[in-house]
Amino acid sequence: MNTVSSSARTLWPASRAGAVLTVNLSAIAENYRYLKSRLGKTACAAVVKADAYGLGVAQVAPVLEKAGAEHFFVAHVDEGLALRPFLSPHTSVTVLHGPRPDAAEVCVRNNLRPVLNSLEQVAVLRDLAAKMDKPLDVAIQLDTGMSRFGLSEADIHKLVASPELLKGLFVSLVMSHLACADTPQNPANTMQRERFEAYARILPQAALSLSASSGIFLGPQFHFDLVRPGAALYGVAPQNEGDNPLKPVVGLQAHILQIRHLSKGDRVGYGLTWQAHGPCRVATIATGYADGFARAGAAAGCAWYKGYRLPILGRISMDSMTVDLSAVPEGLLEEDSMVELLNESYGVDAVAKAEGTIGYEVLTSLGRRYHRVYAAAA
């Protein structure tokens, strides 16, 4: 494996940055191919919203296309505009939120397919099709129980009763989203699938898509024509139980800024919430909550050095945190050495568990102050 620093995302050089974030592009490609291998004839899209979950869409999207992805999903129109230059013209880019009224024309003129989530959005695109005097390619999202995005049951029946509402629109995809796919035994999964199938039967025929990352693992009956993995591409565990079959994608090493020896009774951090029970060695490292490590649950978190676990002590600060070095032999670690905050065995899901959140949030919260290294197969 070789590593390449990218000026597009390397905001600070290694000589000045407090920490180094490594993104394994080969692992992303392998994760995509693994997911695709589970699908048979179902198409496997790639969700690259939020700058490829914070990892850099300019670097990630071409790797996914080379691995076989032909369909890409983003959340906002401007994400689609930013993505287009990094993909081949024949790929499809779909905007999950659909365009706001003033953004609709920009969306379709740049070959971005809008997802229509309401009858109001349907009307905006219908009017635009009339103005442009050509049919417009759109996707329609259905609310099957999550009460977040999509046409309600009443909206769906209005479309069925009044087909002219879709005049000038070519509906190439009908989609919905599972609320509980990460818990396979939840009956809501089957309920949503059955609703989706019932709605699809009465709507214009189109490709169907219900599952994102976790839904892929619910089985073929949830796959339909296209699936939309996002976080799974980046190594986040798709289910709450069992082993994670996906390869870890990110590593993070932070520099030690200072090492000090504490005595019994000495306290650490804002609020002085941690107290030494005896002599110990601690290190302040150059990563804090501005870099994606939340204060909540910090006491359960840790860093690592050559297999030694370094518990986080006290509250995480904006730009730093303090860890316990007592288990590491004296002299093995010095100032400016680097400790690991994310590695192959302690990834974003482990950090999320300590913080009481999910791997998605940890991944997308990693800050922009890291030196970034993109690793690819030699």
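Which residues does Leu208 touch, not counting residues up to four places away in sequence? Let me start there, everyone, and then walk you through the rest of the chain. This is a predicted model, by the way.

So, Leu208. This residue lies in strand S10, residues 207–209. Leaving out residues up to four places away in sequence, Leu208 touches Leu173, Val174, Phe196, Ala200, Phe224, Asp225 and Leu226. Is Leu208 buried or exposed? Its relative accessible area is 17%, and the cut-off for buried is under 20%, so Leu208 counts as buried. To place it against another part of the chain, take Ser88: the two are 120 residues apart along the chain, and their C-alpha atoms are separated by 24 Å.

Now let me step back to the whole chain. There are 378 residues, and buried ones make up 52% of them. The protein chain has ten helices and 20 strands. Taken along the principal axes, the C-alpha atoms fill a box of roughly 75 × 45 × 40 Å. The accessible surface comes to about 17400 Å², with 51% of that belonging to carbon and sulfur atoms. And if you take the contacts with a separation of 6 or more, 67% of them are between residues 24 or more positions apart.

How about confidence? The average pLDDT is 94, and 96% of the residues score at least 70. There is one stretch to flag for you: over residues 5–10, pLDDT stays under 50. The model does have 17 contacts for that stretch beyond four places in sequence. Still, where pLDDT is low, the predicted coordinates should not be read in detail.

Next, please find helix H3, residues 57–67. Which of its residues are buried? They are Val57, Gln59, Val60, Ala61, Leu64, Glu65 and Ala67. As a reminder, an α-helix has 3.6 residues a turn, so residues three or four places apart point the same way. The cover over the buried residues of H3 includes helices H1, H2 (49–53) and H4 (77–83), along with strands S4 (46–47), S5 (71–74) and S20 (371–376). Just after H3 comes Gly68, with a positive phi of about 130°.

From Leu64 we can hop to Leu233, because Leu64 is one of the residues that Leu233 touches. Leu233 is in the loop between strand S11 (226–227) and S12. This loop residue has 0% relative accessibility, so it counts as buried. Beyond its neighbours up to four places away in sequence, Leu233 touches Ile28, Asn31, Tyr32, Leu35, Ala46, Val47, Leu64 and Val249. For a sense of distance, Leu233 and Ala283 are 50 residues apart in sequence and 34 Å apart in space, C-alpha to C-alpha.

Val249 also brings us to the second largest pocket, which holds about 290 Å³ of space. Of its 18 lining residues, Asn24, Val249, Val250, Gly251 and Glu344 are the closest to the centre. Which elements each supply at least two residues of that lining? They are strand S2 (19–24), helix H1 (25–37), strand S12 (250–262) and strand S19 (338–342). S12 gives the most, with four residues. In character, the lining divides into eight nonpolar, six polar and four charged residues.

Let's finish with the enclosed spaces. How many cavities of 30 Å³ or more are there? The count comes to two. The largest has about 70 Å³ of space. It is lined by 13 residues, and nearest its centre lie Phe293, Gly301, Ile312, Val351 and Glu355. Helix H9, residues 348–355, provides the largest share of that lining, three residues. Ten of the lining residues are nonpolar, two polar and one charged.

The second largest cavity has a volume of about 50 Å³. Its lining is Gln141, Leu142, Asp143, Thr144, Met146, Arg148, Phe149, Ser176 and His177. Here the split is three nonpolar, four polar and two charged.

One last residue from that lining: Gln141, in strand S8, residues 136–141. Why does Gln141 count as buried? Because its relative accessibility is 4%. Setting aside neighbours within four places in sequence, Gln141 is in contact with Leu96, Val115, Leu116, Asn117, Phe149, Gly150, Leu151, Met175, Ser176 and His177. Phe149, Ser176 and His177 are also among the residues lining that second largest cavity.

That's my tour, thanks for listening!

Technical notes: Residues are numbered from 1 along each chain as its sequence is written. This is a predicted model: local features need pLDDT of at least 70, side-chain atom pairs count only at pLDDT 80 or more; totals for chains, interfaces and linings use all residues. Side-chain values use heavy atoms; hydrogens and water are left out. On a 1 Å grid over the protein atoms alone, a cavity is a set of points where a 1.4 Å probe fits but cannot get out, and a pocket is an open set with protein on both sides within 12 Å along at least five of seven lines; lining residues have an atom within 4 Å of a point. Grid points are joined across faces, edges and corners, and a volume is the space filled by probe spheres set on the points. Ala, Val, Leu, Ile, Met, Phe, Trp, Tyr, Cys and Pro count as nonpolar, Asp, Glu, Lys and Arg as charged, and the others, Gly among them, as polar. Buried means under 20% relative accessible area, exposed over 50%, partly exposed in between (1.4 Å probe, protein chains only). Contact means heavy atoms within 4.5 Å. Accessible areas come from the Shrake-Rupley method with a 1.4 Å probe; for residues, only the protein chains shown count as cover. pLDDT is the predictor's confidence in each residue, from 0 to 100.
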